Amino acid sequence: MTPFETVDHDRLRSGHGVKWGSLPRDVLGAWVADMDFGVPPAVRASVVDLAEREDFGYPFWRGQDPVVTAFEERMADRHGWSPIPDRTRVFTDLIQVLQVVIEHTTAPGDGIALHVPTYPPFLASIARSGRRIVPLPMRWTPSGWDFSTDALADRLQGCKLLVLVNPHNPTGRVFTRAELAPLADVAEELDLVVLADEIHADLAHAPHRHVPFAALAPHRTVTATSATKAFNIAGLRCAVAHVGPDRTWDALSRAPLDYFGTPSTVSRVATVAAWRDAQPWLDELSKVLRHNRSTVERWASELPWDLRHHAPEASYLSWFDFADTPLRDVTRLEREARVKLSEGAEFASFTDVDTSTFARLNFATSPSTLAEILDRIGGALT
Ligand SMILES: Cc1ncc(COP(=O)(O)O)c(C=O)c1O
């Protein structure tokens, strides 16, 4: 039996994870982007080893931070992009990277462009920083989600930053090089910095291949990523940002000592173990995610309603439009189906894009838990 065939609901409900810990006992969690599985054996061993050595002093490494080395190697080996040496620094998480990049590349009132819908805390961060959200709406077409590049330079006038989430959350798109090229062109034309959030890249499903944006625009791109999504360690808090633009790198280098905080030693050893030693685990995980994705596809296609969606090309999140079903008001899902999905409205807050009839389903769970989740949603639909 693989470690992905069953999940221990008692472990999940009694732990510190918000996905299950915050829910009433009779509600199933299919919302926040954590997986119900454990972690790779190599990650577990790295954390246990640290605990056994009671090695909890201030972090120190001789030479380059091993997180940076592991990141550089992984990008080159798996994604065919060689980061510029000495341009990567560690952060606690991607939200922090976004806040730092907003602060150092834009001023209040400047525009920040990004695809909408998007990861909700990004919208909240931009709105709270007093910058303007300039939405690039994702467009539903019968063959998949895309976005218009018509008059891109006109639409992005007044922007200083483009935030590109690729693979995209919540639609699951893995943008192709041809789709990314106009974004690289407009960044050049308007002198934009691009923050490329590539946190879901290791979860691209074949035949889709992740293209790092920095490969197209090395001196405009800040690449932010972490091992947290693919290796299920979001609670540990360690991320990296590779800073291509000279002016952004210089601005960050001038910041006061420890201004950006420091990820813990635990999070760093776990990140290194994940990126270096956990590929066999990730390969097994990918099989179960693809299996679950097919289960979701089959279930949706057999419904008597048109639950509009496209299979995600990466990761474990399905983005459904319930508009043409009896559950148009998706806030009823938790109340009536006793399943918690992520409600669509928050993926477009602070914009005029309407995603209120959408909900995002997290299918990173055991096949039997997924079957129960889908049954419950199906029950509420009929
Ligand atoms: C696209 C995207 N970016 C960032 C994050 C969160 O990253 P962090 O926990 O490092 O802030 C998530 C979490 O689901 C995400 O989906």
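Me: I would like to start with strand pairing. Which residue of S13 stands opposite Glu 343?

Reply: The model you see is predicted, and in it Ala 359 of S13 stands opposite Glu 343. The pairing behind this runs between S12 and strand S13 (residues 358–362), two antiparallel strands joined by two bridges.

Me: What is the bridge partner of Phe 320 in S13?

Reply: That is Ala 359. Phe 320's side of the sheet is an antiparallel pairing too, with five bridges between S10 and S13.

Me: In what order do the strands of this open sheet run?

Reply: Read across, the three strands go S10-S13-S12, and their pairing is antiparallel. S10 and strand S12 (342–343) form the edges, since each pairs on one side only. As for how covered S10 is, four of its five residues are buried.

Me: Let me try another strand. Where do the side chains of a strand point, as a general idea?

Reply: In a regular strand, side chains alternate between the two faces of the sheet. S7 makes a nice case here: Val 193, Leu 195 and Asp 197 point one way, while Val 194 and Ala 196 point the other way.

Me: Why is S7 described as largely enclosed by the rest of the structure?

Reply: Because five of its five residues are buried. Looking sideways from S7, you find strand S6 (residues 159–165), paired with S7 in the parallel sense over five bridges. Within that pairing, Leu 164 stands opposite Ala 196.

Me: Which residues touch the most other members of the largest nonpolar core?

Reply: Ile 112, Leu 161, Leu 162, Val 163, Val 194 and Leu 195 do, in a core of 114 residues. Domain 1 (9–36 + 279–381) and domain 2 (66–276) each give at least three residues to this core. To see one member at work, pick Leu 162: beyond its neighbours within four places in sequence, its contacts are Ala 113, Leu 114, Leu 183, Ala 187, Leu 192 and Val 194.

Me: How far apart are the C-alpha centres of domain 1 and domain 2?

Reply: They lie 25 Å apart. Across the boundary, 25 residues of domain 1 are in contact with 31 residues of domain 2. On the domain 1 side, helix H12 (279–302) and strand S10 (317–321) each supply at least two of the touching residues. H12 has the largest share, with three residues. By type, that side of domain 1 splits into eleven nonpolar, eight polar and six charged residues.

Me: Which residues are closest to the ligand?

Reply: Ala 33, Asp 93, Leu 94, Ile 95 and Asn 169 are closest, out of 13 that surround the ligand. The shell holds eight nonpolar, three polar and two charged residues.

Me: Is Ala 274 buried or exposed?

Reply: Count the C-beta atoms around the residue: 20 or more others within 10 Å make a residue buried. Ala 274 has 29, so it is buried. Its place is in helix H11 (residues 265–277). Leaving out residues up to four places away in sequence, Ala 274 touches Pro 40, Val 43, Ala 227, Phe 231 and Ile 233. Asp 93 is 181 residues from Ala 274 in sequence, and their C-alpha atoms are 16 Å apart.

Me: What about unusual backbone geometry?

Reply: The usual picture is that most residues other than glycine have a negative phi, and most peptide bonds are trans. Two bonds to look at here are cis: Val 116 to Pro 117, with omega near 5°, and Ala 206 to Pro 207, with omega near 10°. Pro 117 sits in the loop between strand S3 (111–116) and helix H6 (120–128), and Pro 207 in the loop between S7 and S8.

Me: Where is Ala 151 found?

Reply: Look in the loop between strand S5 (144–147) and helix H7 (152–155). Ala 151 has a positive phi of about 50° although it is not a glycine. Ala 151 counts as exposed because it has 8 C-beta neighbours inside 10 Å. Arg 338 also has a positive phi, about 60°, and lies in the loop between helix H13 (332–337) and strand S11 (339–340). With 18 other C-beta atoms within 10 Å, Arg 338 is partly exposed.

Technical notes: Residues numbered from 1 in each chain as written. Predicted model: local features only at pLDDT ≥ 70, side-chain atom pairs only at ≥ 80, totals over all residues. Domains from an automatic or database assignment. Contact = placed C-beta atoms within 7 Å. Nonpolar A, V, L, I, M, F, W, Y, C, P; charged D, E, K, R; others polar. Core = buried A, V, L, I, M, F, W, Y, C linked by C-beta atoms within 7 Å. Buried ≥ 20, exposed ≤ 12 C-beta atoms within 10 Å, placed from the backbone. Near = placed C-beta within 6 Å. Pairing = 2+ DSSP bridges.
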